[in-house]
Amino acid sequence: MKEDTTKVNKYLTLWEKYKRIDQNSALNFAIEAEKLSKKLKFKDGLGEAKYRRGVILRDKGLNVESQKYLEEALSIFSELDDLRTIGFVKIDLGKLKQNQSKHKEALSLYLEVLPIAKKNNDKNTEARIYNYIAAIYATQKQYVEGIKNYEHALKLVREINHLPGISACLLNLGTVYATILENDKALPYFKESLEIKESIGDKLGASRIWYKLAMIYLEKKQYNLAENNIKKAYDLVIAVDHPNHFFDVQYGMALIFLEKGEHNRSIDIAKKILSNAKASKYTTLSIRVHRLLHKAYNQKKEYEKAYNYALKVIAISDSLYNQNILSVTNDMEAKYQNEQKATEIALLASENKSKTITLAKQKNERNAIIAFSIIILLLAMLLFSQYRLKQKSNDKLKELDRLKSNFFANISHEFRTPLTLIKGPIEKLEKDPNTPLSIESVKMIKRNSNRLLNLVNQLLELSKLDAGSLKLELKEGNVYKCLRVAATSFDSHAEQRNIYFKISIPDTVLWALFDRDKLEKIIYNLLSNAFKFSEDSSVIICKVDCIDTSLRIEVIDSGCGIAKENIPFIFDRFYQVDSSTTKEREGSGIGLSLSKDLVTLMGGTILCTSEINQGSCFTVTIPIHEIKVKTKIDVTSSNEMIITDTKIETFEFHKHDSRDIPTILVIEDNLDMNEFITQELIKKYKIVQATNGKDGWQKALSNPPDLIITDLMMPGIDGIELCAKVKTEIHTSHIPVIMLTAKAGLDNKIEGLETGADDYLTKPFDVHELQTRVDNLIKQRQKLRHLFRNTTTQIDPKKITVTSLDQKFLEEVLSLFEANFSDPSFGVPEMQKALGMSKTQLHSKLKALTNESPGQLLRNFRLKIAEQLLSQKEDNITQIAYKVGFNNLSYFAKCFKERYAVVPSAYYIHKTK
Ligand code: ADP
């Protein structure tokens with residue numbers, strides 16, 4: 001035959017013909033039909049073939065495979081929207097479930113199809129359904145209901161004269177009657193059924209009936225009839241491949257022979273069964289056969305053998321018992337379902353007449369419940385997802401808000417520092433137009449305005465990118481040269497910081513169309529980050545090459561690196577790994593985000609690999625199409641860029657400043673700013689510079705200055721921490737502190753003051769304001785010291801100190817004096833010991849607070865007491881001198897004269913008068 005759909009249909013017809021005669025052939029026809037349908041893409045045929053394959057597999061007891069094919073068929077027919085065939089498959093699927101004792105599932109499938117069958121007047125299908133429902137009743141031992149349903153089914157198939165249906169219903173009725181031991185009622189059903197089976201050539205079916213008849217006759221002890229019938233069953237079963245039934249028939253034979261007293265024949269057959277049937281697969285059969293053997297040998301009086309078979313029966317029973325234990329949960333579930341089914345079936349029976357309406361109603365109700373549940377579920381999902389969305393967007397907004405405020409705080413710092421540096425010299429010029437600005441000041445202005453410009457450009461570029469209006473401006477040029485010029489602009493910076501900076505860019509010409517400005521921005525950003533996040537004396541490499549059409553730029557540093565968990569975020573806008581106020585480096589978190597956007601705009605990629613404390617490597621890959629030009633290009637003419645970044649001078653010379661004026665310690669990490677402040681104040685004050693908090697603190701401690709000016713945001717120890725240190729350490733607690741910060745706002749002001757900063761200046765500040773505040777604080781301290789000096793009677797520590805620590809210190813000194821002033825051996829070393837300070841520490845502390853050295857202070861204290869005693873005239877001069885710890889009268893007189901401009905005797909006389 002031609003390979004077409006007709007052939008498929010022929011296969012399917014053959015299946016129909018063979019399904020009751022020869023299951024294996026039927027199965028093969030189904031497989032062939034399936035194969036051909038697949039080849040022809042004949043969906044209908046494919047569905048039919050799978051359906052048929054499933055049915056045979058089910059009847060062969062291969063439930064899992066059967067389910068697969070039936071379900072596949074069902075989905076094909078559902079696609080084709082073929083209600084009739086869907087119904088068929090569902091019934092067969094139901095039968096499969098029934099075979100697996102899944103009665104509930106089976107029943108619901110049957111009930112789904114029943115109304116449709118009725119509506120279509122499909123009596124065959126309706127009969128099948130009643131037949132199957134009846135079987136469920138029978139399994140539940142509800143025989144009356146079972147018989148009723150079988151009879152109803154039989155009536156239906158008889159109406160259409162469907163022979164296989166009729167024979168099936170007859171067989172089933174006979175079986176139920178045989179089960180309830182109504183053998184006489186069973187026989188006519190069996191016989192009629194057998195006739196039909198034989199007429200339609202259903203060998204298996206006929207064999208089964210012969211077997212059943214044989215068993216009935218055995219029961220009736222009509223052994224010859226029984227033997228006849230079982231032989232007929234045997235003759236038929238060997239023609240079909242059905243091991244289960246084959247062993248049943250053999251066992252039946254053995255049983256009959258046993259009952260007939262033909263022990264040896266019975267034993268022979270039984271032993272054949274055992275050698276053919278695998279005990280593991282046919283456990284119950286095996287028990288039955290062993291029991292039979294035990295019985296046979298027992299009857300033969302061969303007790304030893306009988307005993308052994310009995311033992312085997314026990315052993316197999318035990319193993320079966322164990323198997324049963326294993327599947328006990330399944331069984332229990334099945335039983336539970338069975339029980340449920342019993343009630344359901346009872347219900348079903350009572351509603352039998354109005355079944356269609358009820359079923360439709362039930363279906364509608366079920367559909368309504370399903371629809372309602374779905375709506376509720378959808379609503380719940382919707383509400384939940386909205387809630388999640390809201391929560392997510394809230395979180396996102398919060399995060400964005402945090403990033404934004406962080407960004408503004410940082411960006412204001414970024415702006416304020418260069419602005420202050422620009423404003424300063426200009427204000428100076430405005431005030432004193434006749435003094436021209438130094439070249440350093442002009443360069444500083446230029447540098448800082450460039451910095452501002454760059455920052456503004458970056459922000460503008462970002463907003464353009466966001467608006468999608470940033471376009472590539474392609475121009476022809478030498479890519480290598482552009483990159484080399486950009487990279488070499490970092491040379492001087494590298495030299496200044498003693499960084500080994502290696503530029504590896506091919507010495508050739510890569511002539512191509514590219515956006516010079518954007519490419520420069522990318523490499524600038526990467527290189528400035530590399531420099532920013534590297535220590536002095538480290539290594540930075542800039543490598544460029546171009547393979548085929550891919551330009552690769554690598555910037556490698558051996559700096560602080562980025563932790564793995566932070567790498568995914570570094571290209572996010574405003575993201576900074578360290579966004580604290582104490583962060584080591586300035587930054588806005590824009591650079592990398594902008595670079596990434598620019599690279600993307602160019603159709604390239606940017607990657608970062610980094611390891612904390614090891615360094616980072618940024619790799620940019622951009623597609624570039626080299627233009628092969630025949631004429632030699634003048635590589636020197638384009639792209640000139642002069643960077644004259646003058647090295648910032650070191651400040652060593654200030655250390656040798658020998659002027660006798662107050663000293664100011666300037667702690668500021670921005671070198672331009674540091675220098676700017678220094679230049680402002682150097683005329684009136686000695687300046688000591690520090691570029692970070694740690695260095696500043698050490699300098700303050702080793703050589704306490706008269707005033708400290710410190711920046712708030714600094715690497716390591718920030719301004720706040722430094723101030724707290726200064727104010728809580730006795731050696732420095734007297735030093736006034738001015739805090740500089742870029743962050744404007746009350747919070748910071750309060751913070752600055754709370755930490756004990758004596759004054760607070762927001763960048764950009766007016767240079768005069770700084771000058772004034774410095775002068776004021778210095779003057780204030782001098783005044784206090786003056787106050788002390790002029791105190792001729794009693795020293796009041798409260799009046800001359802600003803901090804409580806200093807007050808306490810001074811009180812301690814005074815009580816030490818009070819306790820020891822009359823002891824001539826009490827001097828500076830004893831003071832040092834008692835206060836736990838070194839000579840210089842004690843000296844500088846007391847000098848700062850009182851403007852007097854420790855020795856001077858003690859002597860003046862003694863003289864003050866002497867002066868009081870002299871005025872009281874209670875003792876003579878010599879006595880008084882000794883009382884206040886002077887053991888040399890002339891020295892006492894000399895000191896007294898120095899302090900009070902009169903000799904003690906004159907004072908004594910004068911006061912006496
Ligand atoms: P910023 O202005 O803060 O430098 P960027 O967008 O350029 O902003 O960089 C984002 C963050 O990525 C930086 O704050 C820094 O933490 C990290 N980073 C960038 N480059 C490097 C590098 N070469 N080494 C270590 N960290 C880096």
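**Exercise 1. Decide whether D711 is buried or exposed, and place it in the fold.**

Solution. Start with the cut-offs: buried means under 20% relative accessible area, exposed over 50%, and partly exposed in between, with a 1.4 Å probe and protein chains only. D711 has 1% relative accessibility, so it counts as buried. Next, look for its element: D711 belongs to strand β10, residues 707-711. Helices (H or I, at least four residues) and strands (E, at least two) are DSSP runs, numbered from the N terminus. Finally, check the record: an unreviewed UniProt entry carries the annotation "modified residue: 4-aspartylphosphate" for D711. UniProt positions follow the numbering used here, feature names are shortened, and annotations may be inferred rather than shown by experiment.

A word on the model before you go on. This is a predicted model, in which local features need pLDDT of at least 70, side-chain atom pairs count only at pLDDT 80 or more, and totals for chains, interfaces and linings use all residues. Residues are numbered from 1 along each chain as its sequence is written, and side-chain values use heavy atoms, with hydrogens and water left out.

**Exercise 2. Describe the protein as a whole.**

Solution. Begin with the elements: there are 36 helices and 12 strands. Then turn to burial: 45% of the 913 residues count as buried. For the surface, the protein exposes about 47,700 Å², and carbon and sulfur atoms supply 55% of that area. Accessible areas come from the Shrake-Rupley method with a 1.4 Å probe, and for residues only the protein chains shown count as cover. Last, consider contacts, meaning heavy atoms within 4.5 Å. Among those between residues at least 6 apart in sequence, 64% join residues at least 24 apart.

**Exercise 3. Work out which residues surround the ligand and which atoms approach it.**

Solution. First, the shell: 20 residues surround the ligand, and the closest are N529, K532, D557, S588 and L592. A residue is near a molecule if one of its heavy atoms lies within 4 Å of it.

Second, the polar contacts, which are pairs of N or O atoms within 3.5 Å; within protein, one must be able to donate a hydrogen and the other to accept it, and residues adjacent in sequence count only if both atoms are side-chain atoms. The side chain of K532 has an N or O atom 2.8 Å from an oxygen atom of the ligand. From the backbone, an N or O atom of G591 is 3.3 Å from a ligand oxygen, and one of L592 is 2.7 Å from a ligand oxygen.

Third, the cover: on its own the ligand has 540 Å² of accessible area, and the protein covers 96% of it. Two or more residues of the shell come from each of α22 (516-532), α23 (591-601) and β7 (615-623). Helix α22 gives the largest share, three residues.

Fourth, the classes: 10 nonpolar, eight polar and two charged residues make up the shell. Here Ala, Val, Leu, Ile, Met, Phe, Trp, Tyr, Cys and Pro count as nonpolar, Asp, Glu, Lys and Arg as charged, and the others, Gly among them, as polar.

**Exercise 4. Find the partners of S595 and S193.**

Solution. Take S595 in helix α23. S595 is buried, with a relative accessible area of 0%. Leaving aside neighbours within four places in sequence, S595 is in contact with I522 and N525. With N525 there is a polar contact between the two side chains, at 3.2 Å.

Now take S193 in helix α10, residues 183-200. S193 counts as buried because its relative accessibility is 0%. Not counting residues up to four places away in sequence, S193 touches S167, L170, L171 and I209. A polar atom of the S193 side chain lies 2.8 Å from the backbone oxygen of S167.

**Exercise 5. Locate K301 and D548, and give their phi values.**

Solution. K301 lies in the loop between α15 (283-299) and α16 (303-326). Although K301 is not a glycine, its phi is positive, about 65 degrees. At 59% relative accessibility, K301 counts as exposed.

D548 sits in the loop between β4 (539-547) and β5 (550-557). Its phi is near 55 degrees, a positive value in a residue other than glycine. At 71% relative accessibility, D548 counts as exposed.
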